[in-house]
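Student: Could we look at how some helices pack in this one? I'd like to go through it slowly.

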Amino acid sequence: MSNLWTRSTDDLQQLEQSLQARYEAYQSRRLRLDMSRGKPCPEQLDLSMGMLDVLRPDEALRAADGTDLRNYGGLDGIPEAKALFASFLGVQTGEILIGGNSSLNMMHDTISRAMLHGVAGGEVPWSKLPSVKFLCPSPGYDRHFAICELFGIEMIVIDMRQDGPDLDRVEELVRGDESIKGIWCVPKYSNPDGITYSDEVVDRLARMVTKASDFRIFWDDAYTVHHLSDTPDRLKPILEACRAAGHPDRPFIFSSTSKISFPGAGVAVMAASEHNLSFIRKQLSVQTIGPDKINQMRHVRFFGSADGIRAHMEKHAAIIKPKFEAVLDILESELGGLGIASWNKPNGGYFISLNTPDGCAKEVVRLAAEAGVTLTGAGATYPYGLDPRDRNIRIAPTLPPLEELRTAIGVLALCVQLASVRERLGRSK
């Protein structure tokens with residue numbers, strides 16, 4: 001197909017009429033398709049059903065250190081779970097803290113503790129400061145941004161490059177502004193661009209000079225084993241890099257099994273230096289008696305090892321890879337060569353990032369909704385919901401059945417064309 005930007009006004013007007021007719025045909029079908037969140041599909045959830053039977057009621061439910069899994073205790077996790085996640089994340093068992101079912105909950109609480117009590121080695125609680133700022137590589141994860149908004153933390157957009165955040169800009173900002181206390185990172189198969197940080201980016205984050213002595217990297221390693229190919233991306237361990245650079249307390253690492261086992265009943269984990277974790281445990285001892293140890297043991301028994309998790313994730317990939325391929329095929333067949341859209345081809349993770357012409361994303365999402373397809377809101381991948389170019393749309397392929405997904409992406413591609421033609425003709429709403 002020829003580039004839309006080179007077509008005559010008459011051609012564009014005729015194309016608009018044709019696209020409008022196709023759009024109205026979709027509207028007449030009264031579709032109700034939801035692609036707004038990156039949820040596992042039922043077939044993925046079925047893969048972990050065996051976890052419900054791995055503990056027998058007649059066995060002694062005790063951890064290796066003698067802790068009764070049925071009782072209070074185990075503030076930061078049972079030894080078996082720490083060992084499993086340490087190998088999973090490439091850290092030491094003494095650098096692991098096991099939480100409940102949600103890594104987002106752990107991230108929220110880590111920010112909350114920093115606001116109320118500061119961080120290990122910090123001089124003052126962040127809430128006592130005149131201003132607290134975070135760097136937000138964007139497009140990024142809307143729930144990270146929501147946490148900052150909740151606590152009144154000012155967010156600064158950092159552009160994403162093909163190998164990670166724009167480190168020239170990051171280094172410039174943290175070197176000169178003491179109020180910048182952290183940076184959000186989804187370092188592997190990033191949400192939504194699918195980018196994995198290069199070794200150089202990891203090393204620069206680890207060694208960069210920051211004016212704030214209590215600066216922290218919030219390293220949300222949510223998709224560390226969520227591969228879509230036989231040649232997975234490799235991510236350099238951030239804790240090891242920071243330790244080598246002389247900043248062992250800089251990273252807070254988060255992960256979970258939410259998209260590995262059950263989103264509502266998984267296991268979340270935080271990894272950090274022993275100094276950081278010792279500081280956090282003192283506060284946790286007031287907040288909780290401990291997380292669900294029985295669920296931790298279920299996961300240990302079911303997966304057995306990091307290799308067991310990797311084998312399990314190959315089953316996940318077999319289910320969702322055809323969905324990603326379908327999205328990419330439709331985008332290429334419907335939008336390729338038109339000069340109106342670009343998209344990533346992720347090697348893993350949960351999303352595909354679509355860029356429309358500037359000023360068109362909100363209109364595309366509106367048109368899709370009126371045709372019965374719910375997408376993640378335009379702007380959601382930027383702080384405060386404000387995409388400065390109004391062009392990014394996050395596609396979440398995993399939940400819908402394959403045929404529904406094909407229909408939804410067909411609608412999306414049509415809406416991109418329609419919005420783009422109207423923008424070119426000066427008729428956008």
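Tutor: Before we start, contact here means that heavy atoms lie within 4.5 Å, and please keep in mind that this is a predicted model.

Student: Okay, so which residues of α6 and α7 meet?

Tutor: On the α6 side they are Leu167, Asp168 and Glu171, and these meet Val201, Arg204 and Leu205 in α7. Sorted by class, that contact holds 3 nonpolar and 3 charged residues, with no polar ones.

Student: And what's the angle between α6 and α7?

Tutor: Helix α6, residues 167-176, and helix α7, residues 199-207, pack at an angle of about 0 degrees, and their axes are 11 Å apart. Angles under 35 degrees count as roughly parallel, which means that α6 is roughly parallel to α7.

Student: Which residues in α7 are buried, and what covers them?

Tutor: Val201, Val202, Arg204, Leu205 and Ala206 are buried in α7. The cover over the buried residues of α7 includes α6, the strands β5 (164-165), β6 (180-185) and β7 (216-220), and also helix α8 (238-244).

Student: Switching topic, how do α4 and α9 cross?

Tutor: Helix α4, residues 103-117, and helix α9, residues 274-287, have axes that come within 12 Å and cross at roughly 100 degrees, and therefore the two helices are roughly perpendicular to each other.

Student: Which residues make that contact?

Tutor: From α4 there are Asp109, Arg113 and His117, while α9 brings Phe279, Ile280, Gln283, Leu284 and Gln287. By class, the contact of α4 with α9 has 3 nonpolar, 3 polar and 2 charged residues.

Methods. Residues numbered from 1 in each chain as written. Predicted model: local features only at pLDDT ≥ 70, side-chain atom pairs only at ≥ 80, totals over all residues. Heavy atoms only, no water. Axes fitted to C-alpha atoms, helices over the stretch in contact; angles between N-to-C directions. Helix = DSSP H or I, 4+ residues; strand = E, 2+ residues; numbered from the N terminus. Parallel < 35°, antiparallel > 145°, perpendicular 65-115°, else oblique. Nonpolar A, V, L, I, M, F, W, Y, C, P; charged D, E, K, R; others polar. Buried < 20%, exposed > 50% of the residue type's maximum accessible area, 1.4 Å probe, protein only.
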